[in-house]
Amino acid sequence: MSGLLPGHDLSDITVTDRLPPVTAVLRERLLAGPRTTAAHRAMLTRVPAMRMVETGGRAAADPLPESLSVVAWNLERGLFPEASAARLSEHAPQIVLLSEMDNGMARTGQRHTAAAMAEALGMSYAYGVEFHEMDLGGPTERRFCEDDFNALGWHGNAILSKAPFSRVTLIRLDDHGHWYAEEAGADPQQPRLGGRMALAAVIETQGGPLCVVSTHLESNAGSDHRARQMRVLLDGIDRFAPDLPVLIGGDLNTGNHVPPEFDWRKEALFPLAEARGYSWAPNAEGPTTRPSLITPHPDRKMKLDWFASRGLTALGQEILPSISPDGTPLSDHDAVWCRVRRTGPAPAEKGQEASDT
């Protein structure tokens, strides 16, 4: 089985300090080639960055506290990384789970938006590619482009941390070309190579190691499709961190393409995760979408963004409006915040045996 397919061997994923770009020759082949699922899978194997995680930034060497402040936020490309970082300062997160982060895209000034946000927060980062954007983006994004080209064309997920990463990996959730292949219903105005994915990292805390996951499930699909992606994600986590507490955060797109009510409560992924030992307790009630500069007139208010936890106790939860002090919308998603700690007693320190006295 290819290392890009769901169920792939996670040892196929390599870590780098800079993702290699798509070459000019490969890009020409990509633009000229047939838009089929088979062609998409073949092209994925030719783009090394699809099997890599980029790490950088800076973090203190000390482990994180046992009680953790965590934010998950779909930043809708990352137009304002510094202002977005400032928006989080009130909650002083030790971990930030990000989705829809550009790197080398004209619409966001060719910036590495996750790296810029990590710099502003004084954190380390891990970044992985969801899509290679083959054009400048959707129609409402093009007014932000000062260039008529993308320097890199990466769009993906990130994990920011106040402590270094012990291990990181990337888990691909599909490879059929949902945004590339005509047979998969791809949007011709936004051609993309890649597919939905998750980043997972192990981080040391004072209570022991913790696995955190930043993910983004498919928007242009129904409940059954997202449930399949969730199953692939949970299987990947079990291979990567089978015995660790886990906190998953991200845009699960719950309710999208589930007419007529577009109700998140009809999503099959919720009972699926519960049956695998996950809890939805870290989530506050209420919708998580709003009008933004890129998405100015959403049709409906939706609850898309979630935490799912295993082996953790929720101590608090909140939805953080994604509005800067001057009233600028930073994203079409509000951020979700939680405070969690490891369930049960912390493990004994290395070199010390547990005692009954």
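Q: Before we start, what are the helices and strands here, and where does their numbering begin?
A: Helices and strands are DSSP runs, with at least four residues for a helix (H or I) and at least two for a strand (E), and they are numbered from the N terminus. Keep in mind as well that this is a predicted model.

Q: OK, so where does Arg-192 lie?
A: Arg-192 lies in strand E8, a strand that covers residues 192-194.

Q: Is Arg-192 buried or exposed?
A: Arg-192 counts as buried, because its relative accessibility is 4% and the cut-off for buried is under 20%.

Q: Which residues does it touch, leaving out those up to four places away in sequence?
A: With those left out, Arg-192 touches His-40, Arg-77, Phe-131, His-132, Glu-133, Met-134, His-155, Trp-179 and Tyr-180. On another measure, the C-alpha atoms of Arg-192 and Leu-30 are separated by 9.9 Å, although these positions lie 162 residues apart along the chain.

Q: His-40 is on that list, so which residues of helix H2 are buried?
A: In H2, which runs over residues 37-44, the buried residues are Thr-37, Ala-39, His-40, Met-43 and Leu-44. These residues sit on the same side of H2, because they cover an arc of only 160° around the axis.

Q: Why would residues three or four places apart point the same way?
A: An α-helix has 3.6 residues a turn, so residues three or four places apart point the same way.

Q: And what do the buried residues of H2 pack against?
A: They pack against helix H1 (24-32) and also against strand E8, the strand that holds Arg-192.

Q: Switching to Asp-135, where is its place?
A: Asp-135 is in the loop that runs between strand E5 (124-133) and strand E6 (154-161). Asp-135 is partly exposed, with a relative accessible area of 31%, and, not counting residues up to four places away in sequence, it touches Met-105, Arg-142, Asn-150 and Pro-191.

Q: How far are the C-alpha atoms of Asp-135 and Ser-124 separated?
A: They are separated by 29 Å, for two residues that are 11 apart along the chain.

Q: Now the backbone: which residues does a cis peptide bond join?
A: A cis peptide bond joins Pro-259 and Pro-260, with omega at about 0°, and Pro-260 lies in the loop between strand E11 (246-251) and helix H6 (269-275).

Q: What is the phi of His-257?
A: His-257 has a positive phi of about 55° although it is not a glycine. The place of His-257 is also in the loop between E11 and H6, and the residue counts as partly exposed at 44% relative accessibility.

Q: And what is the phi of Glu-100?
A: Phi of Glu-100 is near 60°, again a positive value in a residue other than glycine. Glu-100 is found in strand E4, residues 95-103, and counts as buried at 12% relative accessibility.

Q: Stepping back, how many helices and strands does the chain have?
A: The chain has 6 helices and 14 strands, and 58% of its 357 residues count as buried.

Q: What radius of gyration does the chain have?
A: The chain has 19 Å, which agrees with the value near 21 Å for a compact globule of 357 residues. Among contacts with a separation of 6 or more, 79% are between residues 24 or more positions apart.

Note on methods. Residues are numbered from 1 along each chain as its sequence is written. This is a predicted model: local features need pLDDT of at least 70, side-chain atom pairs count only at pLDDT 80 or more; totals for chains, interfaces and linings use all residues. Side-chain values use heavy atoms; hydrogens and water are left out. The radius of gyration is taken over C-alpha atoms; the globule rule is 2.2 Å times the number of residues to the power 0.38. Buried means under 20% relative accessible area, exposed over 50%, partly exposed in between (1.4 Å probe, protein chains only). Contact means heavy atoms within 4.5 Å. The arc is that of the directions from the helix axis to the C-beta atoms.
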